[in-house]
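Reader: I would like to go through this structure with you. Could we begin with the record and then turn to the helices and the contact between the chains?
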Amino acid sequence: MTWYVLRRVLQMIPVFFGATLLVYFMVFFMPGDPIAALGGDKPLPEAAQARLREEFNLDKPFLVQYFLYLANIFQGDLGSTFRGQSISGQLADAFPITIRLAIIAIVFEAVLGIAAGVISGLRKGTWIDTTFLMLSLLVIAVPTFVLGFVAQFVLGVQLRVMPVNVGRDPSWENLLVPGMVLGAVSFAYVLRLTRTQVAEVAAQDHVRTATAKGLPRHRVVSAHVLRNSLIPVITYIGIDLGMLMGGAIVTESIFNIPGIGFHLWDAIRAGENTKVVTIVTLLVTVFVIANLIVDILYALLDPRIRYVSKS
Amino acid sequence: MTAGVGCRGRRGSDGGGSADAVVTLNNTEPQNPLVTTNSIEMGGINILVNLYSGLFSYDAEGAAQEEMAESVETEDSQHYTITIKDGWTFTNGDPVTAQSFVDAWNHGANGANGQVNSYFFESIEGYADVSAEDADPSATMSGLTVVDDLTFEVTLVSPQSDFPIRLGYIAYSPLPQAYFDDPEGFGQAPIGNGPYRLVEWNQNQNALLEVNPDYSGPRKPANGGLDFVVYQDPETAYNDMLSGGLDVIDTIPASARSSYQDELGDRAVSKPAATIAFFGIHMEDPDFTGEAGMLRRQAISRAIDRQTICDTIFHGTTSPSTDFISPAVAGHSESIPGNEVLQYDEAEAKRLWEEAEAIQPFQGPFTLSYNADGSHQEWVEAICNGLKNVLGIEAQGNSFPDFKSLREATTGRTITGAFRSSWVADYPSMYNFLGPLYSSAAAEGRGSNNWDYMNPEFDEMLQEGLSATSEEESLRIGQQAQELLLRDLPGIPLWFSSVSAGYADTVDNVEFNWGSQPIYYQITKQA
């Protein structure tokens, strides 16, 4: 098990280099000249352009830029934005906010999604199942930004139970609604996934046996049905953590939350290569770690899966 | 953490404002460090105009009012003697002297410093010697001389009567010694001499300003401070204002353009802005050169139904141009001879086009390039459809993914056909529209004359207008010069926009100035 985890961690190294190189490559060949655009419709003086290009290594060829970037990273220097602010400082401020947002979304989708899915799956075909299915269809069909603006308008502008500008004070309490908006679509998927799995497992022989030998219903559901039907759901939620961090762009922009999504969007718009690469690399790392945790959870949920070192 | 939070939901109290209440305003994140010689976009400028007091500031109508200037004297519009008021200090206690101005201007102009506002100093004698990228960092402009603590002399390269008007622009502010000691640290925590001082700048969130008690100029704050809140989406800012979380909004989001006047009533603001939208066509573009090209430009201009586009696409937030400037600055006219070329006339458009065809057939198709990240598609398509219908030519929009790439293609002269552009005046002067866009000095990559319009006759008139001694005379010549532009149409004026803004019922005395900024200091807010 330890060996397995170690091997997986070592695998992250090529993933890190591959991701940075690929993203750097894509950002480098994005159309347009970010420096010339700094002045809007006004021309930027040649001297000012030259100073900025030199400062941000934009006057050098692709590979040189990339290696300078890597060299700086390994010295713990993530560089600074065009406006002279330290990127590491910005990310240190932004990451906790987005993580808070993602945790709310994950808890929301996991707890409510699984609960609703289990109820739906056990009572397949009843009115409550139909209601949940309709609800999930609706959530999947409505784009996140519509959901966000509706929530903002109703709860923020009309009822005034939450601030419109959550970025002012991104506390757990204020992030509740944005987190639910962010997790809404995943909630629907988790619900549907759980429902299908539970319905399938509940019809299997070992569940019938468990019921027949007189186990109380809650034991049957928790030990026999749930445990066997959760593996795909856990996989989905694990991968979703990475998705949520990236998907936060829309939600964070609607509620004006200065998180990772906002910084990523801002950096793409401004053409700040190093910032884009740094953020995307961090997101990739989160994604990979989340996957690793999911794989370890498999073993706990299903004793049949064993990680043994080949000797 | 921030003062604005406590103000939510309080309303209904009568009477005037409180001297302590902090007014919240929407803003975009500054794209450069907060340095006067190095800020070019509104996110930074909105903050800086409140932190600094230059020689002049602009009132609501764009007239210059004296800030630090005691007197600006000149006999020939070329040699100026500037005296500043005594007893002013920066917020760190350092006195503001003539040297503070001269140092700032020399720093801004010096190419080694690469400041984005350097071109504001190009009319000062000696600019050419210091503006190169490899200039000696300690080199200074020969046109600036400090006489004593309160007096300095400025010599320009040529007579320019609008030079004093320019001095209200942020780039001409004084800088304290603290800046030169640590430029980088200063850019994050600037020290000024204006009506407000910076309390904190939380990146991507807000910049909080409090009243500077030592300020003694004309912009005496009637409120307790300003809080510039960064919004990623104007939609959110508008909703926040409706809910009482934001006091003043300077941009109404596109989705609320048609409804904001009903929703806000007399708290909705609409006023011509010092901007103009137009599209340019390079003077050497094969289809648009010579006599045929001139006729073709005129035909196209006459085939554009500006009024309908302004009404239906912009919901009246823009108005058709009648000249090459905006009504927000002095000298705007609706009666310059030849301006009928900016009016929709199908028959005349057809006639002009056929005349051009007789000289040289059109290769086509007509393309109008725009950046897709700026909601231009609708009006571009409207214009192209109009050209198709009226002139019977093939016309289509050509979209660039973002502003960066459009800008690169225009400055690199790789673009063909027409391309959209717009101009926002830096200071309220007609010549700030005409010079940078159409003078030979700004052509061939030296400025914003991206269509390389070079007309000696026009240049001469600009020069004459700038050296005129009376403002009236100067404006009259500027209008005459525009007659040439109306004939040649290097750029085809479309419309000028109105600032669409609004404010919540928590604040009063909200007025917007010529430059579409609220007049910050006079806003009052109930506590």
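Author: A definition first: UniProt positions are given in the numbering used here, and annotations may be inferred rather than shown by experiment. Please also keep in mind that this is a predicted model.

Reader: Which residues of chain A does UniProt list under "transmembrane region"?
Author: The UniProt entry, which is unreviewed, lists residues 12–30, 97–120, 132–155, 175–191, 233–257 and 277–301 of chain A under that name.

Reader: What is the helix content of residues 175–191 of chain A, and of residues 277–301?
Author: Residues 175–191 of chain A are 100% helix and 0% strand, with the end C-alpha atoms 23 Å apart. Residues 277–301 of chain A are likewise 100% helix and 0% strand, and there the end C-alpha atoms lie 36 Å apart.

Reader: And which residues does the record give for the domain?
Author: UniProt, again in an unreviewed entry, lists residues 95–298 of chain A as "domain: ABC transmembrane type-1". In the model that span is 84% helix and 0% strand, and its end C-alpha atoms are 28 Å apart.

Reader: How many helices and strands are there in chain A as a whole?
Author: Chain A has twelve helices and zero strands. Along the principal axes, its C-alpha atoms fill a box of roughly 85 × 65 × 30 Å.

Reader: Let us look at packing. At what angle do H10 and H12 of chain A pack?
Author: Helix H10 (residues 231–254) and helix H12 (residues 273–301) of chain A pack at about 165°, and their axes are 9 Å apart. Because of that angle, H10(A) is roughly antiparallel to H12(A). H10(A) passes H12(A) in a right-handed crossing.

Reader: Which residues meet there?
Author: From H10(A) they include A:Ile231, A:Ile234, A:Gly238, A:Gly242 and A:Gly246. These residues belong to a contact with H12(A) whose residues there include A:Leu283, A:Phe287, A:Ala290, A:Asn291 and A:Tyr298. By class, the residues of the contact of H10(A) with H12(A) are 14 nonpolar, five polar and no charged.

Reader: What about H7 and H9 of chain A, at what angle do they cross?
Author: The axes of H7(A) and helix H9 (residues 217–229) of chain A cross at roughly 130° and come within 8 Å. That angle makes H7(A) oblique to H9(A). The crossing of H7(A) and H9(A) is right-handed. On H7(A) the contact is made by A:Thr194, A:Gln197, A:Val198, A:Val201 and A:Ala202, and on H9(A) by A:Val225, A:Asn228 and A:Ser229. Four nonpolar, four polar and no charged residues form the contact of H7(A) with H9(A).

Reader: Changing topic: how many helices and strands does chain B have?
Author: Chain B has 16 helices and 20 strands. Its C-alpha trace spans about 70 × 55 × 40 Å along the principal axes.

Reader: Why does the radius of gyration of chain B agree with that of a compact globule?
Author: A compact globule with 527 residues would have a radius of gyration near 24 Å, and chain B has 24 Å, so the two agree.

Reader: How many residues does each chain bring to the contact?
Author: Chain B contributes 49 residues and chain A contributes 44 residues. On the side of chain B that touches chain A, helix H6 (183–188), helix H7 (234–242), helix H13 (403–411) and strand E17 (418–424) each supply at least two residues. H13(B) gives the largest share of that side, six residues. The side of chain B that touches chain A has 13 nonpolar, 25 polar and eleven charged residues.

Reader: Where do helix axes come within 10 Å across that contact?
Author: Helix H6 (residues 144–158) of chain A and H7(B) have axes that come within 10 Å and cross at roughly 15°. That makes H6(A) roughly parallel to H7(B). H6(A) passes H7(B) in a right-handed crossing. A:Phe149, A:Gln152, A:Phe153, A:Gly156 and A:Val157 of H6(A) make the contact with B:Glu235, B:Asn239 and B:Leu242 of H7(B). In the contact of H6(A) with H7(B) there are four nonpolar, three polar and one charged residues.

Reader: One last matter, the backbone. Which residue has a positive phi although it is not a glycine?
Author: A:Arg160 has a positive phi of about 55°. A:Arg160 is in the loop between H6 and helix H7 (172–202) of chain A.

Reader: And which residues are joined by a cis peptide bond?
Author: B:Gly364 and B:Pro365 are, with omega about -10°. B:Pro365 lies in the loop between helix H11 (346–359) and strand E15 (366–371) of chain B.

Notes. Residues are numbered from 1 along each chain as its sequence is written. Chains are lettered from A and ligands numbered from 1 in the order in which they are written. This is a predicted model: local features need pLDDT of at least 70, side-chain atom pairs count only at pLDDT 80 or more; totals for chains, interfaces and linings use all residues. Helices (H or I, at least four residues) and strands (E, at least two) are DSSP runs, numbered from the N terminus. Axes are lines fitted to C-alpha atoms, for helices over the stretch in contact, and angles run from 0 to 180 degrees between N-to-C directions. Angles under 35 degrees count as roughly parallel, over 145 as roughly antiparallel, 65 to 115 as roughly perpendicular and the rest as oblique. A crossing is left-handed if the near helix is turned anticlockwise from the far one by less than a right angle, and right-handed if clockwise. Two residues are in contact if their C-beta atoms, placed from the backbone, lie within 7 Å. Ala, Val, Leu, Ile, Met, Phe, Trp, Tyr, Cys and Pro count as nonpolar, Asp, Glu, Lys and Arg as charged, and the others, Gly among them, as polar. The radius of gyration is taken over C-alpha atoms; the globule rule is 2.2 Å times the number of residues to the power 0.38.
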